[in-house]
Amino acid sequence: MASMAGGMDNAGRTGVRVVVLGDPGTGKSSLVVSVATETFSENVPPVVPPTRLPADYFPDRVPITIVDTPSSKEMSPNLVAELKQADVVVLTYACDKPATLERLSTYWLPELRRMEQVEVPVIVVGCKLDLRDELQQMSLEQVMSPIMQQFREIETCIECSALKQIQVPEVFYYAQKAVLHPTAPLFDQESQTLKPRCVRALKRIFILCDNDRDGSLSDTELNDFQVRCFNAPLQPSEIAGVKKVVQEKLPEGVNERGLTLTGFLFLHALFIEKGRLETTWTVLRKFGYDNDIKLRKDLLPFSFKRAPDQSVELSLEAVDFLKGVFLMFDMDGDGALRPLEIEDIFSTAPESPWAAYPYKDAAERNVFGGFSFEAFLSEWGLMTILDPVASLANLIYLGYPGDPATALQITRRRRLDQKRQQTQRNVFQCYVFGPHNSGKSALLNALIGRTFSDEYSPTMNQRFAVNMVELAGVRIMKGARKTLITREIPEDGVAKLLSDRESLAACDIAVFVHDSSDEKSWRGATELLVEVATHGENSGFDVPCLIVSAKDDLDPYTLAIQDSTRVSQDMGIEAPIPVSMKLGDLNNVYRRIINAAQNPHLSIPETEAGRNRKQYHKIVNRSLMFVSVGVAVALVGLAAYKVYAKRKNTSG
């Protein structure tokens, strides 16, 4: 594991751009000339032209371009422009001028931080080491520790002398290393521990290399790992030496079967502490990680190019894989995954994807906060339809064994489903519209088994709830289930949603909720229905619609049934579905939503403008047909006349 020969992977970097910055007289230009010529010159120009160090200058074999900057105590527009192109900044002070050291923390570092677009590592360099006062006893660590505590962007500090040729190449080696093998993503300097995302990635790598799944890396597995990452095998004595180092410092890092995960993580922390970050970065990059310790985009080969009215779902292969994952992590066999077990499942991903919006609290949980298998799959279905790239990436982080392209599938266009009068989708997205306090949130809450509450809390942003719905009917297999995603659209957010022409393309069915006891709520829901239906007609992404008459336990307003029946008949959709979430009378509303979504050609509302437009097109088409028939008759008549005339001329 110590060998690095031929194993470097620099994340596709073709060059590193270094900008040298600092107060006048700190030795910037002399430093640049010295590294380029390997000599000290008395006659150095005020600003050295951009200088290139060839690829073979350092072991990483990546060329470096060094940009010197004019001596100034303030930022100039040209300097700001250069910094925006920098990969790393070398910030200089003079060892014989304490004021220039003080200026690092009082001006230069705060100024760099103020320029938010310049977020690059910083190498602090003390130049003119040969001129430092010999009576100064403080070490570099003592001098720089307070500054590094305040400015975490500082990657490392080093002192050098261009005159004496002391540590000049090392300055730019560390600068290159800060770009190719940065510390910040891997290691927390303050706590001296690996960062969580680094631990998660290394855990995944460990599991991938643990071929026999016994929780340890045997000598053979360690050697395979070494060859894969560094293109060179380990000798038996080297393997024994590695395990001995771990066991002396951390007894639980090694057992009779080999190196444990704890020992594997300890080794990487040790490499980083000793400044050998390239070892850990090489391992990460060989397993497909980028500088953010996420899988590189080129490792997600599945193409998600699709029409706006196509969706993405899990394949049967992915569902089978997730079933195995569920059973593996359901340690107590209670048929549910507790929050800690969910966290354990995603412990090989950069972070748990369901810990934040829109997935947090979107699926049904039991009294202990656990997911049933149906809820687990429902959450995956939601993630797949909203962010298929993230869904695929997380499947890979969990160890999906097949070709990534087999994990997800793109559905047929909904427009084609409407023509064929059927759909093959297993996941349906339902947009829930309605006025304030109409019962939208209660509809979502009941889908995921939440207890009804009389307390009204307005929804300010879109919200999701997802669950599986068991279907019944003549044409549906007994026990068949579909995933229903309900998406609550706040009344104040409707205008923004419909400002996008394709906003209804992802919607399989729209539901309009109103408070059955409130005439104003009914009027508001009707207006929303007309608005959405009009948008669907104009955009070509019309969707089936249903009306839900909520709060059926309250007394209805006068003429409620008559009005709602008239509107539904006029628009060609089903009569409103009465429900009472308070009494638990759901009236099979979710099954009815799914049934309507499965028949995408039905329950599509038609506005008066839409009917007029259809009638106009019929008239135009009929007129064109009459014109076509007339032209055909005329042409036939002309042909007959020509035949008659020809015969007449012949007989004459």
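Begin with the whole chain coloured by secondary structure: this predicted model contains 21 helices and 21 strands. Keep the full chain selected and switch to a colouring by accessibility. Of its 652 residues, 48% count as buried. Display the molecular surface next; the accessible area of the chain is about 32400 Å², and carbon and sulfur atoms account for 53% of that area. A contact map adds a further view of the chain: among contacts between residues at least 6 apart in sequence, 73% join residues at least 24 apart.

Now select residues 168-180, which form helix α5. This helix has 13 residues and spans 19 Å from its first C-alpha to its last, close to the 18 Å expected at 1.5 Å a residue. Show the side chains of α5 and pick out its buried positions: V168, V171 and F172 are buried, as are A175 and the run Q176, K177, A178, V179 and L180.

Move next to the second largest pocket, whose volume is about 920 Å³. To centre the view, select S441, A442, N445, E455 and S457, which lie closest to the pocket centre among the 45 lining residues. Then highlight α16 (440-447), β17 (463-470) and β20 (545-550), the elements that each give two or more residues to this lining. Which element supplies the largest share of the lining of the second largest pocket? That element is α16, with 6 residues.

Finally, colour the lining of the second largest pocket by residue class: 19 residues are nonpolar, 14 are polar and 12 are charged.

Conventions
Residues numbered from 1 in each chain as written. Predicted model: local features only at pLDDT ≥ 70, side-chain atom pairs only at ≥ 80, totals over all residues. Heavy atoms only, no water. 1 Å grid on protein atoms, 1.4 Å probe; cavity = no way out; pocket = protein on both sides within 12 Å on 5 of 7 lines; lining within 4 Å. Points joined across faces, edges and corners; volume = space filled by probe spheres on them. Helix = DSSP H or I, 4+ residues; strand = E, 2+ residues; numbered from the N terminus. Nonpolar A, V, L, I, M, F, W, Y, C, P; charged D, E, K, R; others polar. Expected span 1.5 Å × (residues − 1). Buried < 20%, exposed > 50% of the residue type's maximum accessible area, 1.4 Å probe, protein only. Contact = heavy atoms within 4.5 Å. Areas by Shrake-Rupley, 256 points an atom, 1.4 Å probe, with all protein chains shown as cover.
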